[in-house]
Protein chains: 2
Amino acid sequence: MPKNKKQQVTAVPERRGELLATAAEVFAAQGYNATTVRRIADEAGMLAGSLYYHFDSKESMLDEILSTFLTELWEGYDAVLAAGLGPRETIEALVTESFREIDRHRAAVAIYQKESRHLTELPRFGYLADSQRKFEQAWLGTLERGVETKAFRADLDVRLTYRFVRDTVWVAASWYRPGGQHSPEEIARQYLSMVLDGIAVRE
Amino acid sequence: MPKNKKQQVTAVPERRGELLATAAEVFAAQGYNATTVRRIADEAGMLAGSLYYHFDSKESMLDEILSTFLTELWEGYDAVLAAGLGPRETIEALVTESFREIDRHRAAVAIYQKESRHLTELPRFGYLADSQRKFEQAWLGTLERGVETKAFRADLDVRLTYRFVRDTVWVAASWYRPGGQHSPEEIARQYLSMVLDGIAVRE
DNA sequence: GCCGTTCCCTAACAAGTGTTTGGTAGGTTA
DNA sequence: TAACCTACCAAACACTTGTTAGGGAACGGC
C-alpha cells in the first residue's frame, strides 16, 4: 500500500528532499527528541531502517534541515544589509524578509525556535551560535543607528527592544499557516505599523 | 554527600515542592520529553525510583507544575479584569501582571510555551485549552473594546495584534532571568511604551 | 542475459526509557 | 520496647529508542 513511486525521472536527490520535508514537519509538530525515527518513516511510507539509506543518523536530518534554512535566510538578510538603506527602511526590509522566510521554511523556523537553545551546546551545531551572533549584530546595529539618526526613540532600552522585535517576528512561525488569509507581506506591514507607530491613537 | 536534611519541622509536603521546582527547571532547560526521570532524581540528589514515592508518574509532575502555575496566573488576571479599568489601562495591567508571573514562574512559563501545543491533545491536559480560550477572550475583548472607544487604532487587524502582543510577552520567559538588571515592572513599562506608542520618532 | 545501482525490507542489536517491587535506616509515637 | 511512618535505595521489569547488517526486487545500460 505505501508504494507511491511517482516518476523517478528527475535527478537523484529528490527523494532526499521529500524525506527532509516530512521529517521537518514532524520535528516541528512534536519536537525533535519526542520524534521517533519510526514515526518519520511511517509518515514517509517506509520502515525505520530504510531512512538510513538516505541519512546516516537522525541528527544528520536535523542538521541538514537547519543548515539549509539558515543558508537561505542569510542570502536574503545579506542582500538587505548590503543595500545601504536607512535604519527605518532596513528594519522594514528585515521584517518583511523574515516573514517571507517563515512562509517558505515554517517547519524549520519552528524547530529552530524550540531546539536551538540546547543544540548550541553540541559542537556539530556550532553554526547556530554563529548565526545568532550575526543576527543580533544586524538587528541591534540597525536599531542603534536609528537612535543616532533620530529615526527611533532614544528613551527605549535598545537591547530590550531588540529582543521584543526579534521574538515577535519569529514566534509567528508557530501560528502562521501558508495559504492563510494574510500574505507574508501583509503580516509584515501590520507588524511594522504596530512596532513603529504603536497601537494607541495619537491626539 | 547529597544528604541535606534541613529542618523537617514544617508540615509535610515541603520536599514535594522542592522536587517540583527542580523538575520544572530541568523540563524548561531540556524539554519534557528529552528529560529523563533519572536526570531529575540526579539533580535532586536521589535515585530515579525514589521519585515515585512522591509522584505516581513523570506526567503527574508536569501536570502539577503547569496547573499550579495556571491557577496562580488566573488569580492575578481575574483580579485585573474585575477592576473595571478602561481598555488601555487593562492592557497595561495585564502586561505588567504577565511579567510578574514570568518572574515568579519562569520555568513553568517556558515549559508551557514549548509543550502546550502537543499537550492539549491529551485529555489530561484539557485545562490548557480552556485556559487558552479564556486568555484569548480576555486580550482580544480588551483590544476590541479599545478600538470601539477609540483608544486603539482601528486600522490594525485586531487578531494579528493580539497574537503579536501575546507572543512577545510570553517569549520573554526564554531570556528573562530573575534578579537581572530589569525588574518585571521595568520590562513591562518599556514593552508597553513600545507597543502603545511605537519605536519611531514622531514629528 | 548479466551487472550495477537505487531503494527499500526484515530482523535484530545494545542502550536507555518510565515504572514497580521489596527492603531498610532513622525518627516519632505509644 | 514495640509498632509505625517517612523517605529513600537496590535491583529489576517490559518496552522503546536509534542504528546496523544482510538481502532482494525493480530497473537501466551494455
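**Two chains, two DNA strands**

User: How far does a polar side-chain atom of A:His54 lie from a phosphate oxygen of DNA strand C?

Analyst: Keep in mind that this is a predicted model. A polar contact needs a pair of N or O atoms within 3.5 Å. The polar side-chain atom of A:His54 and the phosphate oxygen of DNA strand C fit that, with a distance of 2.7 Å.

User: Which elements give two or more residues to the surface near DNA strand C?

Analyst: Let's start from the contacts with phosphate. A polar side-chain atom of A:Arg15 is 3.0 Å from a phosphate oxygen of DNA strand C, and a polar backbone atom of A:Leu47 is 2.7 Å from one. Looking at elements, the ones that supply two or more residues to this surface come from both chains: helix H3 (51–54) of chain A and helix H2 (37–44) of chain B.

User: How many residues surround DNA strand C?

Analyst: The closest ones are A:Leu47, A:Ser50, A:His54, B:Thr36 and B:Tyr52. By class, the surface has five nonpolar, six polar and three charged residues. The number of residues around DNA strand C is 14.

User: What share of the atoms of DNA strand C within 4 Å of the protein belongs to sugar or phosphate?

Analyst: Take the atoms of DNA strand C that lie within 4 Å of the protein and split them into two groups, bases on one side and sugar or phosphate on the other. The share that belongs to sugar or phosphate is 61%.

User: Over on DNA strand D, which residues come nearest, and what percentage of its atoms within 4 Å of the protein is sugar and phosphate?

Analyst: There are 15 residues around DNA strand D, and the nearest are A:Thr36, A:Tyr52, A:Lys58, B:Leu47 and B:His54. Now look at the atoms of DNA strand D that come within 4 Å of the protein: the sugar and phosphate part is 61%.

User: Which elements give two or more residues to the surface near DNA strand D?

Analyst: Both chains have a backbone N or O atom by a phosphate oxygen here: A:Val37 at 2.9 Å and B:Leu47 at 2.7 Å. B:His54 joins in with a side-chain N or O atom 2.7 Å from a phosphate oxygen of DNA strand D. The elements that give two or more residues to this surface are helix H2 (37–44) of chain A and helix H3 (51–54) of chain B.

User: How are the two copies, chain A and chain B, related?

Analyst: Turn chain B by 180° with a shift of 0.0 Å along the axis, and it can be laid on chain A with an RMSD of 0.1 Å. The two copies are therefore related as by a two-fold rotation axis.

User: Which residue of chain B comes closest to the rotation axis?

Analyst: The place to look is the C-alpha atoms of chain B. The closest C-alpha lies 1.8 Å from the axis and belongs to B:Gly198.

User: Why can we say that the copies meet through the same surface, and what percentage shows it?

Analyst: Compare the interface residues of the two chains. The copies meet through the same surface because the interface residues of chain B are also interface residues in chain A, and the share for which this holds is 100%.

User: How many helices does chain A have?

Analyst: The pattern along the sequence of chain A is α-α-α-α-α-α-α-α-α. There are zero strands in chain A, and the helices number nine.

User: Which residues touch the most other members of the largest nonpolar core?

Analyst: Nonpolar side chains tend to be buried together in soluble globular proteins. The largest nonpolar core here has 128 residues. One of the two top members has contacts that include A:Val169, A:Ile187 and, from the other chain, B:Phe164. The residues that touch the most other members are A:Phe99 and B:Phe99.

User: Is B:His118 buried or exposed?

Analyst: B:His118 sits in helix H6 of chain B, and its side chain makes a polar contact with that of B:Glu115 at 3.0 Å. Beyond its close sequence neighbours, B:His118 is in contact with A:Ala29, A:Gln30 and B:Asn33. Buried means under 20% relative accessible area. At 17% relative accessibility, B:His118 therefore counts as buried.

Notes: Residues are numbered from 1 along each chain as its sequence is written. Chains are lettered from A and ligands numbered from 1 in the order in which they are written. This is a predicted model: local features need pLDDT of at least 70, side-chain atom pairs count only at pLDDT 80 or more; totals for chains, interfaces and linings use all residues. Side-chain values use heavy atoms; hydrogens and water are left out. A residue is near a molecule or strand if one of its heavy atoms lies within 4 Å of it. A polar contact is a pair of N or O atoms within 3.5 Å; within protein, one must be able to donate a hydrogen and the other to accept it, and residues adjacent in sequence count only if both atoms are side-chain atoms. Helices (H or I, at least four residues) and strands (E, at least two) are DSSP runs, numbered from the N terminus. Copies are superposed by least squares on the C-alpha atoms of residues with pLDDT of at least 70 in both. Contact means heavy atoms within 4.5 Å. Ala, Val, Leu, Ile, Met, Phe, Trp, Tyr, Cys and Pro count as nonpolar, Asp, Glu, Lys and Arg as charged, and the others, Gly among them, as polar. A nonpolar core is a set of buried Ala, Val, Leu, Ile, Met, Phe, Trp, Tyr and Cys residues joined through side-chain atoms within 4.5 Å. Buried means under 20% relative accessible area, exposed over 50%, partly exposed in between (1.4 Å probe, protein chains only). Lists of a residue's contacts leave out its neighbours within four places in sequence.
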